[in-house]
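Student: I'd like to learn how to read the overall features of a model. Can you walk me through this one?

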Amino acid sequence: MKLSEALSIVQKAPTDAQPFPVLLACGFTPLHLENYLAAHLQTALPDRKVRIATGLYDNLAGTLEQFDPSGAEAVAVVIEWFDLDPRLGYRKLGGWGQRVAANILETTEATLARLEAAISKIPAFVKVALVLPSLPLTPAFHTSGWQASGPEIALRELVGAFAGRLPSHPSVLLLNEQRLNEQSNPAERYDLRADLYSGFPYALKHADALGAALAALIASPQPKKGLITDLDDTLWLGLVGEDGHDSVAWDLASHAQLHGLYQQMLHALADQGVLIAIASKNSPEVVERALARTDLLLARDKIFPIEVHWEAKSGSVERILKTWNIGADSAVFVDDNRMELEEVRAAFPDMECILFPKDYAAGLAMLHRLRDLFGKPRLAEEDAYRLATIKQNRQITESGRDGDLADQFLSTAEAVITVEWNPPATDRRVVELVNKTNQFNLNGVRYTEAEWRQKLQDPNRFVLAVSYQDKFGPLGKIAVLAGERSAGQIQIDTWVMSCRAFSRRIEYQSIAQLFQYLETPDIIFDFMSTAKNGPMRDFLGSLLERPDLALTREAFLAKCPKLHHEVIGNMDTIEQLR
Amino acid sequence: MDETASKLEQCFQIAFPNLDPAAISSASVDSVPQWDSVAQITLLNLIGEEFAIDIDFEEFEGANSFSEMLARLRERLSSSNSN
């Protein structure tokens with residue numbers, strides 16, 4: 001991005017939009033890094049007005065120590081060698097060489113400890129994007145430039161150890177140096193003239209790359225949830241229907257390694273909770289034989305559902321999305337056939353459709369692309385049992401075609417609901433659920449962690465977090481309700497439930513808990529229709545003539561089906577809420 | 001207005017978005033409150049980008065008005081051409 005483009009983007013940002021305040025913490029003059037960071041963030045968050053605040057010059061640790069969490073949703077921390085010891089830069093003349101090397105190491109260690117302490121005090125609801133030194137070290141060491149000196153190795157070890165300790169902080173996101181190196185040539189990053197003249201050390205191109213990288217960490221898109229893959233010349237090399245199940249290949253000797261790597265990637269994605277399905281035009285029995293091969297690198301039980309027939313792939317994709325209960329914008333479709341890709345893309349314009357490439361360079365790029373699309377900052381407990389839940393959901397749905405059967409199924413499920421009244425503000429899963437859930441969502445209103453925390457300070461406010469498990473396994477925390485008690489009336493302004501938890505009557509149990517423990521005669525829901533919250537609209541429609549009417553206890557009990565859950569939780573907390 | 005002056009005006013417009021376009025040709029450090037040392041560097045970087053030249057900040061030191069900037073820029077461009 002050119003500097004003029006960056007400045008134009010910042011100048012054209014909507015002035016009346018909700019602010020997105022960010023602290024840029026760096027020890028140098030922020031100058032164009034500030035412009036580029038603002039521009040890239042503004043592009044990623046078009047409905048917000050990005051505001052960048054900067055800290056103290058030449059005092060990175062001081063900036064972080066003075067950080068006021070109420071004033072920023074995110075902090076971008078940019079560390080350079082001269083922040084760790086000024087002698088590692090070009091603006092101070094404190095000496096180079098073996099004479100000062102030991103002292104530089106001591107100062108660096110102390111500064112890193114100070115930075116770590118300051119970062120660890122930043123509350124978990126503030127995102128911290130952190131860049132380790134990205135500029136080359138000065139020629140301050142006794143070896144030739146080709147040879148790494150002891151002090152250089154020790155410096156990098158200190159920084160590496162510092163970086164290794166940071167992920168334990170719940171909101172620190174460390175920039176991947178490898179990706180930055182791909183975007184910005186290390187040899188062209190430093191601008192000595194700009195550094196000496198203005199205190200800004202970066203060439204414009206590097207400032208642009210760093211701004212983009214920081215924005216990608218701070219405003220990363222939601223990871224995709226599912227991948228639908230073709231089989232022939234995609235999951236494996238060859239046409240299984242023609243070559244036979246034992247002749248399709250994915251190994252090095254058959255020059256099919258890219259397909260093996262793809263299988264390996266899908267298995268890894270499945271392990272981190274990504275849903276994997278197959279959409280293939282083939283004969284089911286031939287495919288089953290191929291999928292039964294023991295050398296398949298993607299475990300058969302990780303794939304669900306499997307759509308193998310000769311009908312259009314868009315129909316397969318539609319059924320897969322329905323089974324997964326996710327939107328097209330949360331899924332990725334991979335196929336080696338351009339026509340199939342176009343057919344699916346036409347039916348699902350929001351879906352990311354990827355051509356499985358024929359050449360190695362493009363294949364490698366595709367594997368990296370998949371990492372980007374599905375990458376998560378951290379793995380949650382729920383990620384491990386997402387697929388099991390969906391398989392179980394299908395069982396419930398199929399039995400649910402007959403009301404008695406559904407009731408029978410649920411009565412034997414040994415379901416336990418754990419209610420948590422007013423979970424701590426530090427529970428990030430609660431806000432994550434509110435912001436990630438689309439379908440069973442009362443009104444689609446999103447909150448930043450800071451806004452959520454702010455609302456919790458209202459003494460009339462309550463939050464109910466609901467977790468679920470049954471004999472098939474836990475679903476984890478799957479629903480959140482929040483609202484206010486005012487003049488004896490309960491008004492719910494936030495209600496979300498993960499689509500994984502549908503068909504278990506958890507929504508009924510949630511309302512039952514409100515009536516039981518808040519001792520209220522009726523409840524008002526701040527419902528607002530969105531493009532995606534049809535399931536919530538239908539549910540409220542089954543209870544109320546109009547969603548803006550109050551739901552009385554009597555009306556609810558008249559329509560509530562039999563609930564088979566055992567309910568446990570911190571009921572004592574409720575006394576403080578009454 | 002020649003191309004150099006016109007392009008320089010564009011740089012001023014981006015660096016000082018609140019400046020009345022009609023006032024750019026007479027703009028100076030005294031008439032534009034936002035024209036501080038940081039804005040000066042931004043302006044010079046924009047000029048470098050627009051004219052595809054490697055700007056030496058010191059070469060433009062003391063250029064505190066549009067007309068002075070334009071004069072130094074013309075000098076810089078002509079020396080580039082003669083080289």
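**Reading two chains**

Tutor: Start with chain B, whose secondary structure comes to three helices and zero strands; helices (H or I, at least four residues) and strands (E, at least two) are DSSP runs, numbered from the N terminus. This is a predicted model, where local features need pLDDT of at least 70 and side-chain atom pairs count only at pLDDT 80 or more, while totals for chains, interfaces and linings use all residues. Residues are numbered from 1 along each chain as its sequence is written, chains are lettered from A and ligands numbered from 1 in the order in which they are written, and side-chain values use heavy atoms, with hydrogens and water left out.

Student: How many helices and strands does chain A have?

Tutor: Chain A has 23 helices and 18 strands.

Student: What does the radius of gyration say about chain B?

Tutor: That radius is taken over C-alpha atoms, and the globule rule is 2.2 Å times the number of residues to the power 0.38. For the 83 residues of chain B, a compact globule would come out near 12 Å, and chain B has 12 Å, so the two agree. Chain A, with 578 residues, has 28 Å against a rule value near 25 Å, which also agrees.

Student: And what share of chain A is buried?

Tutor: Buried means under 20% relative accessible area (exposed is over 50%, partly exposed in between; 1.4 Å probe, protein chains only). In chain A that covers 52% of the 578 residues; in chain B, 47% of the 83.
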